[in-house]
Each structure stands twice: as C-alpha cells, then as structure tokens.
Amino acid sequence: LTCTTKVMSSATNAFSSTSGQGCPLVSIAGNKTVVWDKTENSPVIGAAVISSKGIILGTTDADGAISVDARDYPLSLRSMGFEPLSVSNPADTIVMIPASYQLGEVVVTPEGRPITRILTYAREYCTSASPSDTLQLYSEGMFEYFLCEGKVKGYKKSDAKAKLRALRRFGRMANSAGLDSIMRPDGSGEVTYLTFLTAGVSLPEEETAEAPAMAAGETTDTIRGKYYPKLIYRKSGNLFTVERDALADEKDHKMSPWFFKLLGLTMDIENATIKTAYNVSASGKYGLHDYVYSTCNLHILSKGKLMKKLLRTNGNINVDSYIEQYPVEIEYLTVDEYKELRKAEDDETLPITVPNFTQPLASPIQSLVDRIERELPRRDV
C-alpha cells in the first residue's frame with residue numbers, strides 16, 4: 001500500500017473576440033495608498049495589488065505604499081500571511097488582517113519508503129503591459145516532485161525539480177483602440193514566453209529554522225544581503241513566514257540574464273521575491289509537513305524584440321507575475337512504486353485539484369475565467 005497524507009486554441013493572435021468598448025487598462029498616474037498590518041501596526045511590504053480589470057498594478061514598497069488611480073478600484077490585494085482583501089472605494093490607508101491556516105497531522109516517514117512524492121497546486125496572475133496594450137494571463141496547474149534523502153539506487157536527482165502534470169490557461173488582450181478579446185492558450189507557442197508559472201514554483205528547503213532573535217521572543221528578524229534585506233523572518237498567529245529577495249546582492253536591485261538576450265527576450269528583472277509560510281512549530285524548525293503555501297512575485301522590464309512583437313508595440317513592456325503554490329498530497333514510496341509512477345506519467349493527465357484551504361481567486365480574475373468558460377467552452381468537456 002502507498003502511504004498517503006491529504007493536505008486538504010493557442011497562439012496569442014488566435015482570439016475569440018467580443019469586441020467591446022475601448023478600455024485603456026494601465027493607470028498612468030495615481031495617488032499614494034498605504035497598506036497597513038492591523039495586528040503589528042506596521043506597513044505591509046510586497047503586497048500584490050490588482051485592479052478592477054485584473055491588471056497587476058504592482059507591489060507595495062518598503063513603506064507599504066503604492067500609486068493607485070481612482071479608476072483602478074475596486075482593488076484586490078494579496079500578501080503572504082494575510083487574508084485576501086477587496087477594496088471598493090479609494091482610500092489613503094488600507095488595512096490587511098493576518099491569516100490563520102491549519103493543515104493535517106504530521107506523518108512520520110514509513111521505514112522502507114525512502115522517496116517522498118509531493119503534489120502541489122499552483123496558479124499565476126500575469127500582466128504584460130505597454131502604454132496602450134495589455135495582455136492578461138491566468139494559469140493554474142498541478143506540479144509533481146520526488147524527493148529523496150541520501151543515495152538510493154534507481155532515484156534520479158532531476159526528479160526533485162517541479163514537473164508540470166496538468167495545465168489550464170485563460171487570456172485576455174485589450175488596448176485603448178477598442179480591442180477586448182479572450183483566448184484559451186495551450187502549453188505551447190509564443191505565449192509561453194509571457195508566463196513564469198513553471199519557472200516560479202519550487203518547494204521550500206527540506207528544513208528551515210527560525211532566526212536566532214526569535215528564540216529571545218522577537219516576532220520578526222531581518223538578515224541583510226550585500227545591498228538590501230535578503231531574508232525576513234516573521235511570526236504572526238500560527239504562521240511563520242520567510243521572505244527571500246533574490247536581488248538583495250545586486251547593487252541596483254536589478255538583474256539582466258544573458259540567456260534571455262539569446263532568445264530575443266532582453267529583460268531587466270527588477271523584483272524577484274519568494275515567500276514561504278509554515279504552521280508555527282514549537283521546535284522552531286520547519287519542514288514539508290509544516291508547509292502551508294508559498295508565493296513568488298516578479299516584476300520585469302522587457303526590452304526584447306519578441307515581446308514587442310507579441311504585444312505589437314515599439315515601447316518597453318512591464319511584466320508582473322504573482323504565483324501561489326499550495327501542497328495537495330504527500331506520499332511515501334518504495335523505489336518500485338516510484339519507478340512505476342514515473343513510467344505512467346507520460347500516459348496520464350492529472351486532474352487539477354484545488355485544496356480547500358486555497359485563498360479565494362481574486363474577483364476580477366474569477367470574472368475573466370467565468371467569461372471564458374461561458375464564451376469559449378472547452379471541447380474536451
């Protein structure tokens with residue numbers, strides 16, 4: 001028996017369109033709004049802010065501030081460790097409430113089952129915007145990992161990386177000239193250059209410990225990188241969170257990977273933040289069985305020819321991606337069971353399973369999904 005723990009048309013120009021009224025989706029200017037933590041009475045840093053059209057407007061800065069135009073309301077806000085929030089009317093200050101999560105019981109690895117299979121559900125909100133055109137993509141999928149401690153004959157280390165086992169995508173193209181078209185992109189084609197779901201998911205480290213200051217009763221602690229804070233630890237209620245800034249050692253907080261240039265995808269990565277949440281452990285140490293969910297926040301300035309071609313613009317393109325990942329199932333396997341599962345992967349498509357503790361979908365994204373399901377029903381259903 002397998003021991004299981006339950007943790008409760010494709011091209012961008014292939015649109016099925018409902019041409020509507022012109023709708024410039026990107027705010028050019030706005031007023032400063034500050035997002036505040038109700039419990040800690042401190043700014044919420046790195047909260048993703050989504051407009052009424054489903055466009056990612058950006059993330060809050062070190063002061064919890066972001067510029068928002070009145071026409072962007074109602075807003076949807078999402079931040080690791082806080083309840084999702086919808087704000088109907090313009091406000092100078094928005095208050096977020098810390099979230100509380102509870103998962104299943106801890107399961108000890110059975111003897112003779114050295115390989116751990118983790119199945120996760122992940123989703124991405126992604127916006128690519130030029131001054132006049134905006135492409136929205138919402139993606140969700142199932143990812144599979146096989147982990148193994150030590151050396152086990154027959155195990156392949158490459159299986160520790162995320163493997164995509166199921167995928168659904170929903171898209172919308174809109175611009176100030178009146179185009180308002182929807183689509184169902186598949187997992188191939190040029191549109192894949194505009195999403196970062198598969199690149200932005202990963203499991204937390206096998207074991208993470210609280211910062212030393214927390215042993216003395218502190219609820220937060222920060223470890224600096226070369227130029228910016230690199231790790232921020234926070235304990236609130238029954239959640240322990242770790243925030244990692246991948247650009248903390250970059251002088252201008254910017255990275256321009258050379259391999260993107262080879263693909264015509266010249267990009268300046270200006271934000272790359274990964275946050276992981278765990279259920280608070282009395283031991284102060286955290287592993288996969290304490291893992292609640294994780295997020296990845298990216299902001300990229302794209303200067304490459306391919307992206308400009310896809311959005312039909314000569315200007316640079318701002319790309320924002322917000323990814324959430326939740327554990328669905330953990331299994332302990334024998335080597336033989338592991339090999340059998342790997343053989344069956346090519347012939348089996350996993351169902352997309354949304355855990356019951358997943359945060360609600362942002363309202364404008366849910367509206368986009370409902371519209372596409374209604375106007376572009378799947379042929380395989």
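What share of the 381 residues in the protein chain is buried? Buried residues, those under 20% relative accessible area (exposed being over 50% and partly exposed in between, with a 1.4 Å probe and protein chains only), make up 51% of the chain.

The model is predicted, so local features need pLDDT of at least 70 and side-chain atom pairs count only at pLDDT 80 or more, while totals for chains, interfaces and linings use all residues. Residues are numbered from 1 along each chain as its sequence is written, and side-chain values use heavy atoms, with hydrogens and water left out.

**Figure 1. Overview of the protein chain.** The chain holds five helices and 22 strands. These elements are DSSP runs numbered from the N terminus, helices being H or I of at least four residues and strands E of at least two. The accessible surface is about 18300 Å², and carbon and sulfur atoms account for 51% of that surface. Accessible areas come from the Shrake-Rupley method with a 1.4 Å probe, and for residues only the protein chains shown count as cover.

**Figure 2. Salt bridge between Arg113 and Glu337.** A salt bridge is a side-chain nitrogen of Lys or Arg within 4 Å of a carboxyl oxygen of Asp or Glu, and a search of the whole structure finds 20 of them. In this view the side chains of Arg113 and Glu337 meet at 2.6 Å, N to O. The pair links distant parts of the chain, 224 residues apart: Arg113 is in the loop between β10 (93-96) and β11 (115-129), and Glu337 is in helix α4 (residues 335-344). Arg113 counts as buried, at 12% relative accessibility.

**Figure 3. Salt bridge between Glu144 and Arg165.** The closest N and O atoms of Glu144 and Arg165 are 2.9 Å apart. Glu144 belongs to strand β12 (residues 133-148) and Arg165 to strand β13 (residues 163-175), so the salt bridge ties together parts 21 residues apart in sequence. Both partners are buried: Glu144 has a relative accessibility of 2%, and Arg165 has a relative accessible area of 8%.

**Figure 4. Salt bridge between Asp249 and Lys230.** Here the closest N and O atoms are 3.0 Å apart. Asp249 sits in the loop between β18 (239-245) and α2 (258-262), and Lys230 in strand β17 (residues 229-236); the pair links distant parts of the chain, 19 residues apart. Asp249 is partly exposed, with a relative accessible area of 36%, and Lys230 is partly exposed with a value of 36%. Elsewhere, salt bridges that share partners join Arg117, Glu144, Arg165, Glu329 and Glu331 into one network.

**Figure 5. Surroundings of Glu373 in helix α5 (residues 363-375).** Glu373 is partly exposed, at 30% relative accessibility. Apart from neighbours within four places in sequence, Glu373 is in contact (heavy atoms within 4.5 Å) with Phe170, Arg184 and Arg378. The side chains of Glu373 and Arg184 make a polar contact of 2.6 Å. A polar contact is a pair of N or O atoms within 3.5 Å; within protein, one must be able to donate a hydrogen and the other to accept it, and residues adjacent in sequence count only if both atoms are side-chain atoms. Between the C-alpha atoms of Glu373 and Arg184 the distance is 9.4 Å, with 189 residues separating the two in sequence.

**Figure 6. Thr116 and Thr120 in strand β11.** Thr116 counts as buried, at 14% relative accessibility. Beyond residues up to four places away in sequence, Thr116 touches Tyr145, Phe146, Leu147, Ile330, Glu331 and Tyr332. Thr120 is buried, with a relative accessible area of 0%. With neighbours within four places in sequence left aside, the contacts of Thr120 include Gly141, Met142, Phe143, Leu203 and Val328. The side chain of Thr120 is joined to the side chain of Gln325 by a polar contact of 2.9 Å.

**Figure 7. The second largest cavity and its lining.** A cavity is a set of points, on a 1 Å grid over the protein atoms alone, where a 1.4 Å probe fits but cannot get out; lining residues have an atom within 4 Å of a point. The volume of this cavity is about 60 Å³, a volume being the space filled by probe spheres set on the points, with grid points joined across faces, edges and corners. Its lining consists of Gly200, Val201, Ser202, Ile274, Ser294, Thr295, Cys296, Ile323 and Gln325. The elements giving two or more residues to this lining are β21 (291-302) and β22 (317-333). Strand β21 supplies the largest share, three residues.

Note on methods: 1 Å grid on protein atoms, 1.4 Å probe; cavity = no way out; pocket = protein on both sides within 12 Å on 5 of 7 lines; lining within 4 Å.
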